[in-house]
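Welcome, and thanks for taking a look at this one with us. Please have the sequence and the 3D view open side by side as you read.

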Amino acid sequence: MSGSLFSLWGARAVLWLSLLLQSGEAQVHTEVQAGPLYRVVGSPLSISCNVSGFQIESSEKQFQFIFKTASGNEINIISTEDDSFGYAVYQTRMLKKDIGVTRVSPNSVLFEIQSLQKGDEGEYHCNVVNSEYRYNGKYSAATTVKVIDNSLSVSSPGPTSMSFDQGDTLTLTCQAFSKTTQHTHLSFTWYLHRDGEDNIQPIISLDRDFTLKPGHGFEERYQAGIISLDKLKEATYKLKIADLEVSDQGNIYCQAQEWVQDPDDSWYPIAQMKGTEITVKVKASDVMPDASSMKVQIFTQQTTLQEDQELLLSCKIDTLKPEGRFFSVAWLRGGVELARIGPTGILSVGSEYGGREMKRELRVKRTGSTDYNLILQSVRTEDQGEYKCRAWLEVRGSDGSFTKEASVDSDSQLVSISATESELSLKMHDFTNITEGERLRLDCKVEKIKGQLSVIWQHKSTSAAQFTNITSLSQDGVIQISEAFTGRKVRAMRPAVDSFTLELDEVRTTDSGLYQCVVIQWKTNHQTHSQSQTTTVTVSPIVMKVSLINRNSAVAIGDNVDLMCRIKGPRRALIAVTWSLHCDTPTPGDILTVSSDGAISWFVKQHRYQVKVETRNNEEVIYYLQIIGASDREAGSYCCGLDVRIENGSRNRILSNPVAVVVHNQESNLVLSTSSKRKENINTDIELKCSVTSQFSAVALYDVTWLFQEAENKTIVRSDRNAFVKFGAQMEPRSRQRISMRRISGPSFVLTIRQAEISDRGSYICRVEEWLQNPHGDWYQLSVVSKTTKLTITEPDNDLRLDKMNQLLVSKEAEGVEMKCDIISGVTGPSYLYKVTWFYSGQHSSTRNVSLVKLDYTGLLSYPEDESIRNLKDRLQLSRPSQTNFVLTIQMVREEDSGAYWCQVEQYQLDPQGHWKQKASDIAGPITLRVNITENNLSLAKTDRVFNVSMLQDFTVPCHIIQRSSNLSKFHVTWFWQKTNQSEHSSIFTVYRNFTLETKMGKSVSLRFGYPLPGQYDLTILNTGPESSGLYFCEVEEWLLSLSSGWRKVGVERSGRLVIKVNTEGNPKTFSESQCHSMTWIIITVATTIISLFVILLLVKRICRKTPLGDKKPEKSLWEEQINLKASD
């Protein structure tokens, strides 16, 4: 008892401590991706949401995602446990698989939008449904999403088809840039789609961290410098392949990818675009006959040039195995050498071109192992003529010197250079119309540029006689604004080499007139030519127009309505736009007002509407109003009004045309499923089910009525849409007790008729009304559908039959026996009951055809009075494991229980008046029981042994039962001792079958009895002396309780003999001293144990005073494993 109290007190202390620790620390933690997340319109969005800290981590958690608008309204999007959780605006996108949620693990989900819209910008909340009995932590987290326009642009200037010879150099450029204001990085890749191959191979790429990486199969050529990717300026990427191979033939294109860095420092791709594909053809070069053969070719991209252009002469050496060999190459014009590059890369230039080499007008480059280029810039007429390439092999000696081999010349290449004349020309638009207050932009396109250029922009009003300067841009990039335009926002720019631009902000009507672009051509700081071009600019006063368009004038309840207010006119004059309803009445109701700075003022509940502004250009703005989930409340006439600023600074409202919005009910697709015909038995329970197989929405409610078809249909029972059940007024009280209605999943509506009667036959009508809830929460009826079932009631024929097979059961005495009575055919159901009687016919004539037990159809169990079976009645048990099985069990069978048993079953049926009447009866086949008495199978261990023991040494005489006749047997065990030199043995100790112990030894002998395991008996003789020598054995009698004649001896067996010889040598005194020391330690241990128990008892009493508990008596031990016995006087 003390131990139990102490354990209970400790458990309570641990529980309170754990609760105290838990109360100071939040367990549940919910987190989402940190925001803001910048994504592009039309791109996918994914937001991960994770939760931890629940007590059962392995159970699936339920998540909800909610969108929060800028004004603070929350709109349900999607839930993992409720398909109807989202608002109608998101339900449509969910059905199109545009919005969804994917479960990653029991504690993690991924919210996904496949194609982002501008209206998806905002704050997203992830809520976790608490499935526990308490709240402890954070169950919600939020992140912000910003939706931006796709401003990535990729273009590939130049021809779309190019042809080269093997070994030529390929140079391609591609422009890629983004106008987004966010901090983004671009990654850029050149791709090759070889002819006849499906796979597209990357040639070389520049990742978002500005790291170059060659594609698979191009690594060696990249390491050798043959393939390169250079970024020129801010937006131009140049691909160069110095030594083209035939395998390079195919379509080459560039592709750019824009990346944005999320707050968690991870990079995410938001846009991707590819340039124009360029078809590249590579012609294989001729094969040299041997390694010593060599062929020299000369190429140029232009054979006819004008002064100041650039001449590129490429020289290519075709030979076998050029690796590790040295060549010298020279370029000749008219047989005169212009420049030479030696085997070590040293350039030498002829005297005629030495000065031009100093000015960097002449350069030589080695672009490959056998490719050399001569570049001559700012060519002159004297540079024309026939050019050749001359190459020869240089053999390097052991001392490092080179020996020249025979040279090989290429074919001649004629180059013509003509003197340039000034063909400078300008292009401008003839007319430009602009509205007052807007920005004027004039572009002046320059063609056939030679040398450096400067520009002067001039203006002449309609009333002026001559042009006046506005601003100028010198050839060195210096801008000068005239005094007349000082203080105006004017800019002169040169966005491209061949283009000049003038920008003038906030134009006035007085800025109308002629504008002139004067371009001056310069060479070596001297003006050579000039050209001018004029254009007419008309500045119109401000005009505002507004029109209202409805994309869907007639919608169903719950659908969205999109209204578009189109405004044409300068935006700077617009102050605000107001949306109104019931514009066809004298007092229209305002919905909201959008100011020019983007501020929104709401006059109604804003969660019903969404607003978007789209700027088409400076002259057109479209304001969108979306009605989310329209109902009859939103039906009516809509209009939008503009508040504009007029010349004197006051406001003026301009109203649009009114647009009517009509809201009608949803189209129903309700379909019911019932059985058209049913045939059932009388007095059975009948269920008529009416199921909804097709419905408009899973959130619809149903008003269901079951009717009985007559001249005038009679209402049986009705369940309204709130599941409130009510019987029809014509239903009698007795019928109301038999009839019920319930709803099950599906949904299905079940009409149950208990104990069906003949009068219940007829036609039953299931009428279902479908109700939906509009976005405001108001219920409206959608449709009504009915289905009819014809019910036929019949009375079944009797076919009660029992199992007639004869059975034989053989059992041992004292075992249990089960006898079964099975109904193999017959009508079952709640309207049928059975009466069962078991009969017995014994071996004696006095017990013939005796009734043992009866189970009435009412469930009453009775035992007929008969003196001949009194002993049998107390051991009977009747059970019914199933509706068609009756089992009679006899416990502790006796020999006189042998005989024949059989059962009789009577069937009772409930008539329409409610009375039970017998319908049928049958008798089962007899079961013959034969009970056999138990035979003797007793067996003991019979090994003979001889032990030599010392003085005062203990020894054990075992008595182990190996086999018994029955598990119910009891044993009478006696140990015998035959002293040395004596012929007779005497009993020393007895264990009776009821475990009563008896010793027959005197005070001089100490015994200890042991019963370690069932069937194992041990007797230990303690502190032996010389007189303990002799022969020991045990004798076992096996007894079994006979139910007819009491206890019966089954068998008697003796164990093996144990011969003990006590050795009298030794020092008894020493042994006694040791024994004394042992007794001393035992006394000390016992004293310590008693003191400890006393202290524990005091503690327990103090605890009991604080925590009253019911007393519990200690249980007494029925047996001690070891018992020390000592004979008394």
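What follows is a short tour of nonpolar cores and salt bridges.

Please keep in mind that this is a predicted model. The largest nonpolar core has 60 residues, and the salt bridges come to 39. Three of those pairs are described below, followed by a network.

**Nonpolar cores**

- In the largest core, Trp579 and Trp706 are the residues with the most contacts inside it.
- Strand 62, which covers residues 779-794, gives the most to this core, contributing five residues.
- Another core lies apart from that one and has 33 residues. Its members include Ile148, Leu152, Ala176 and Ile227.

**The Lys316 and Asp243 pair**

- Lys316 and Asp243 meet through their side chains in a salt bridge, with an N to O distance of 4.0 Å.
- This pair links distant parts of the chain, 73 residues apart. Lys316 belongs to strand 23 (residues 311-318), while Asp243 sits in the loop between strand 17 (236-241) and strand 18 (250-261).
- Lys316 counts as buried because its relative accessible area is 6%, under the 20% cut-off.
- Asp243 has a relative accessible area of 22% and is partly exposed.

**The Arg653 and Asp643 pair**

- A salt bridge joins Arg653 to Asp643, and their closest N and O atoms are 3.1 Å apart.
- Arg653 is found in strand 51 (residues 651-655) and Asp643 in strand 50 (residues 636-645), with their positions 10 residues apart in the numbering.
- Arg653 is partly exposed, at 42% relative accessibility, whereas Asp643 is buried, with a relative accessible area of 8%.

**The Glu1035 and Arg1054 pair**

- The side chains of Glu1035 and Arg1054 form a salt bridge at 3.1 Å, N to O.
- Strand 82 (residues 1030-1042) holds Glu1035, and strand 83 (residues 1046-1054) holds Arg1054; the two residues are 19 residues apart.
- Here the acidic partner, Glu1035, is buried, with a relative accessible area of 17%. Arg1054 is partly exposed, with a value of 38%.

**A salt-bridge network**

- Side chains of opposite charge can pair when their charged atoms come close.
- Salt bridges also link several residues into a network: Arg439, Arg441, Asp443, Arg491, Glu503 and Asp505.

Conventions
Residues numbered from 1 in each chain as written. Predicted model: local features only at pLDDT ≥ 70, side-chain atom pairs only at ≥ 80, totals over all residues. Heavy atoms only, no water. Core = buried A, V, L, I, M, F, W, Y, C linked by side-chain atoms within 4.5 Å. Buried < 20%, exposed > 50% of the residue type's maximum accessible area, 1.4 Å probe, protein only. Helix = DSSP H or I, 4+ residues; strand = E, 2+ residues; numbered from the N terminus.
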